[in-house]
Amino acid sequence: MPRHENPTRLLIFKAQDQAFGLYWTQYKSSPKPVRTSIVHLFEWRWIDIALECEMYLSQHGFAGVQISPPNENLVVMNPWRPWWERYQPVSYKLCSRSGNESEFRDMVTRCNNVGVHIYVDVVFNHMLNSAAGSGNRGICNSYFNAERHDFPSVPYSRFDFNDPICKTPSGDIENYSDPIQVRYCRLYGLLDLSQWKDDVRSKIIDFLNHLIDLGVAGFRIDAAKHIRPEDINVILTKLNNLNARWFTKGSRPFIYQEVIDLGGEAVQSSEYFRNGRVTEFKYGMQLGTVLRKWNEQKMANLKSWGESWHMMPSNKAFVFVDNHDNQRGHGSGGSSILTFWNPRLYKMAVGFMLAHPYGFTRIMSSYWWPKDIQNGTDLNDWVGPPSNSDGSIKPVTIYANETCGNGWICEHRWDEIRNMVIFRNVVYGEPITNWWDNNNNQVAFGRAGKGFVVFNNDDRNLLVILPTGLPAGVYCDVISGRKEGKTCTGIQIHVAANGMARFQINYQAKHPFIAIHVEARL
Ligand code: AAO
């Protein structure tokens, strides 16, 4: 019997008409914790994801995994096998460097069986680059002719693309302030599909329904900004309910749409609220600015963090500190974006994101690449996943200390991040209480008696006694360690009967923040 022993412990997904979220439904026993974050295992192989679900993600409270595009893509040899070749579809066959359909099916089954769900990065705004030549074959040998817009494996023909509508000289998007160009011209020269046509819609619907029937729980809609929201809506309404083998009957797929909108865009995030959640790119950009103390920003200003920082409503927001694009200078967010390359500030940023109630959270899990910044640009921003000489992706090796090898960073396995995923589950649904700050870069806040966090991003030590709102007891800090049996492997925090507790964080401490919650109490 899989770990997921209680068959009534099922995820349900509320109807399309309001905030999507992960909910737990009727239990025979007392309510179990919810799971509230997903991790993007960028470029991982399906067999490695299946193992990660069973050996790690399930027991550490992760709700799911965002996987890289699973369908057949162009093989790019110059530069050599860039990560972004997977954003140039050739067909909807489940065949890529991450694995074949059988391995995909096995991954979804094994992850679902342990309560960790699969969210697929789906690319249906476009096919491959118009200049990808004629008479070539995709990674799984499907024929295509880019010049003739011919993709017989779907099938798509020239009548399925927007070229006749786009009026720019290049055929590409040349000006983002023109919504017609954004929707009907080519993004980066990628052949732009006509999602307003039934013939195209039906192919996309079939692709997504095949994934749903295999057991996936939802979708990241790539380049959603370049598709009319009404066309996305038609497609979504035609999707099957989630597979009843793992989901409550009638459950709908969880949707989050990639729309880059830092303000002032002709195409705005709010247009897509009707379909589900939307990526909030202001989140990572602003949080990075605050933690880097740029523009005279300081953590005390985070007291108002959320919609008053010009961000979308929390129940529509899909948030992250960095993503696969902006961690390497693609997409949006600029130089303030924090990544694994700056681990101390990155851990604080992810820790703050997971402690704060705003939005639905995704954690990035990256691979190393030979960064080569020249004139502010990373010349190696294209470098693909750790791979062998034949282009096959290297396995994710796991060391005895639970970290990863073979070039995989595995931020989701860093102690502070892993333990904050559980913190977010434990405090889910509770508002912020007991906010404190020193009017600079030392802040603290509680989550209504379920948890409490303290951050020191100042250039001086923190030593305060604060009201935590927590019940009295001895708590294990889940940043410097964790609760193991009847002991804390890190520091202990004593909360008095009146909820007061003493916190000390030296400004050069290895762990610049403390987090305690009611499930880490001795
Ligand atoms: C590759 C090559 C290209 C080549 C192309 C075709 O790099 O040189 O022409 O193949 O052969 C990924 C890579 C691309 C890659 C592509 C296809 O990032 O480099 O092209 O695969 O292999 C726009 C889209 C957004 C998109 C983002 C990268 O709106 O959807 O560009 N992200 C997704 C994926 C991404 C993928 C694709 C889409 C394509 O996450 O991985 O591309 O499937 C403004 C606009 C944004 C726009 C950005 C970048 O953003 O608002 O909508 O994103 O520009 O073009 C400030 C502004 C902000 C601005 C930002 C960047 O922050 O406030 O608005 O600067 O300028």
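User: Which side chain has an N or O atom 2.9 Å from an oxygen atom of the ligand?
Analyst: That side chain belongs to His324. The pair is a polar contact, meaning N or O atoms within 3.5 Å. The model is predicted, so local features need pLDDT of at least 70 and side-chain atom pairs count only at pLDDT 80 or more, while totals for chains, interfaces and linings use all residues. Residues are numbered from 1 along each chain as its sequence is written, and side-chain values use heavy atoms, with hydrogens and water left out.

User: How much of the ligand does the protein bury?
Analyst: The protein buries 77% of the 1,100 Å² that the ligand exposes when taken alone. Such areas come from the Shrake-Rupley method with a 1.4 Å probe.

User: What does Asp222 do at the ligand?
Analyst: A polar side-chain atom of Asp222 lies 2.8 Å from a ligand oxygen atom. For Tyr188, a polar backbone atom is 2.9 Å from an oxygen atom of the ligand.

User: How many residues surround the ligand?
Analyst: There are 25, with a heavy atom within 4 Å counting as near. The closest are His226, Glu258, Glu265, Asp325 and His330.

User: Where does the ligand sit?
Analyst: The ligand occupies the largest pocket, as more than half of its atoms lie within 2 Å of the pocket's grid points. A pocket is an open set of points on a 1 Å grid over the protein atoms alone, where a 1.4 Å probe fits, with protein on both sides within 12 Å along at least five of seven lines; lining residues have an atom within 4 Å of a point.

User: What is the volume of that largest pocket?
Analyst: Its volume is about 610 Å³. Of its 24 lining residues, the closest to the centre are Leu187, Tyr188, Asp325, His330 and Gly331.

User: New topic: how far apart are the C-alpha centres of domain 1 and domain 2?
Analyst: They lie 40 Å apart.

Terms used
A polar contact is a pair of N or O atoms within 3.5 Å; within protein, one must be able to donate a hydrogen and the other to accept it, and residues adjacent in sequence count only if both atoms are side-chain atoms. Domain bounds come from an automatic or database domain assignment. Grid points are joined across faces, edges and corners, and a volume is the space filled by probe spheres set on the points.
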